[in-house]
Amino acid sequence: MNSNPQDGTSVKKYGLALHTASRELGLAISNFAGDSRCQTWNLDRDLATHLHQYLVEFIQPQTWADLAFIAVAKGPGGFTGTRMGMVTARTLAQQLDIPVFAVSTLAAVAWAEPPQPPLAKGGLLRENIALQMPAQRGQLFGAVYSVNKDSGLTELFPETVMTPESWQEKLDNWGNSYQLIEVGSELGWSVSSVLELAYWEWQMGSRPDWSDALPFYGQHPVKGH
């Protein structure tokens, strides 16, 4: 993805993305002008032990001063991992005085789906993408997006936790054709999509403050809440 040459919207430095909302740690960095890299590690319960070490090693040869913004997967996902990534991103953004973009894990998976054949002029139009992800206590997270690689991602039904029956009813009554994706438990691979979606927002002029970045849990980790 190339930088927008217009003043005020181009990234003169790098964007960094963190994905800690699943058993995988995903890190990605790019200047959106040809220098990009990403990496994943299956850390599971060792995330807290290794996150900062891997982050410091991964960012090299760039430095913290090279960052223009940070992106982070906000959930849904594991409670502890999501919170850890969010705290790390907010702390770095506050200390560096740079924006932080909180990106839905479901939106990142939708964005990562391979393009479908062209259906209309003006870009690659996909059918609606419905995503479902297991939640606690027998429920599901569900969301629906429309994705166009030329104009970005549109949220058609926001990420919501519900019973499988309610989700199926929502899909049965959905007016358009849709592609259903079952989201798994290893999501670090989609960290590049987290970074790309944040860059879309950056190009549109968005500069969210670190304090505006909040996790999306959907459910309280304690039963009954």
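Buried means under 20% relative accessible area, exposed over 50%, and partly exposed in between (1.4 Å probe, protein chains only). The structure is a predicted model, in which local features need pLDDT of at least 70 and side-chain atom pairs count only at pLDDT 80 or more, while totals for chains, interfaces and linings use all residues. Residues are numbered from 1 along each chain as its sequence is written, and side-chain values use heavy atoms, with hydrogens and water left out.

**View 1. Arginine 137 has a positive phi in the loop between β6 and β7.** The strands on either side of this loop are β6 (128-134) and β7 (140-148). Strands (E, at least two residues) and helices (H or I, at least four) are DSSP runs, numbered from the N terminus. Phi of arginine 137 is near 60°, and the residue is not a glycine. Arginine 137 counts as partly exposed because its relative accessible area is 36%.

**View 2. Aspartate 97 is an exposed residue with a positive phi.** This aspartate lies in the loop between α2 and β5 (100-104). Phi of aspartate 97 is near 55°, again a positive value in a residue other than glycine. With a relative accessible area of 70%, aspartate 97 is classed as exposed. Most residues other than glycine have a negative phi, and most peptide bonds are trans.

**View 3. Two peptide bonds that precede a proline are cis.** One cis bond joins glutamine 60 and proline 61, with omega about 10°. Proline 61 belongs to the loop between α1 (47-59) and β4 (67-75). Another cis bond joins glycine 75 and proline 76, with omega about 5°. Proline 76 is placed in the loop between β4 and α2 (79-96).

**View 4. Five strands form an open sheet with mixed pairing.** The order of the strands is β3-β2-β1-β4-β5; two strands pair if DSSP finds at least two bridges between them. β3 (36-42) and β5 stand at the edges, each with a single partner strand, so one side of each has no neighbour in the sheet. From one strand to the next, the twist averages 15°. β4 and β5 run parallel and are joined by five bridges. Glycine 75 stands opposite serine 104 in β5.

**View 5. Helices α2 and α5 lie across strands of the sheet.** Helix α2 lies across β1 (14-19), β4 and β5, and runs at about 160° to β4. Axes are lines fitted to C-alpha atoms, for helices over the stretch in contact, and angles run from 0 to 180 degrees between N-to-C directions. Helix α5 (residues 191-203) lies across β1, β2 (24-30), β3, β4 and β5. The direction of α5 is at about 120° to that of β4.

**View 6. Helices α3 and α5 cross at roughly 95°.** The axes of α3 (residues 105-112) and α5 come within 8 Å. The two helices are therefore roughly perpendicular to each other (65 to 115 degrees). The contact (heavy atoms within 4.5 Å) involves Ala107, Ala108, Trp111 and Ala112 of α3. On the side of α5, Ser193, Val194, Glu196, Leu197 and Trp200 take part. These residues divide into seven nonpolar, one polar and one charged. In this scheme Ala, Val, Leu, Ile, Met, Phe, Trp, Tyr, Cys and Pro are nonpolar, Asp, Glu, Lys and Arg are charged, and the others, Gly among them, are polar.

**View 7. Glutamate 159 is buried and makes a polar contact with serine 104.** Glutamate 159 is part of strand β8 (residues 152-162). Its relative accessible area is 11%, which means that glutamate 159 counts as buried. The side chains of glutamate 159 and serine 104 make the polar contact at 2.5 Å. A polar contact is a pair of N or O atoms within 3.5 Å; within protein, one must be able to donate a hydrogen and the other to accept it, and residues adjacent in sequence count only if both atoms are side-chain atoms. Not counting residues up to four places away in sequence, glutamate 159 touches Lys74, Gly75, Pro76, Ser104, Leu106, Gly142, Ala143, Tyr145 and Phe216.

**View 8. Glutamine 132 and glutamine 179 are buried.** Glutamine 132 lies in strand β6 and has a relative accessible area of 15%. Its side chain makes a polar contact with the side chain of tryptophan 167 (2.8 Å). Among the residues that glutamine 132 touches are Leu140, Phe141, Leu180 and Val183. Glutamine 179, in strand β9 (residues 178-182), has a relative accessibility of 19%. Glutamine 179 and asparagine 128 are 51 residues apart in sequence, yet their C-alpha atoms are 6.2 Å apart in space.

Terms used. Angles under 35 degrees count as roughly parallel, over 145 as roughly antiparallel, 65 to 115 as roughly perpendicular and the rest as oblique.
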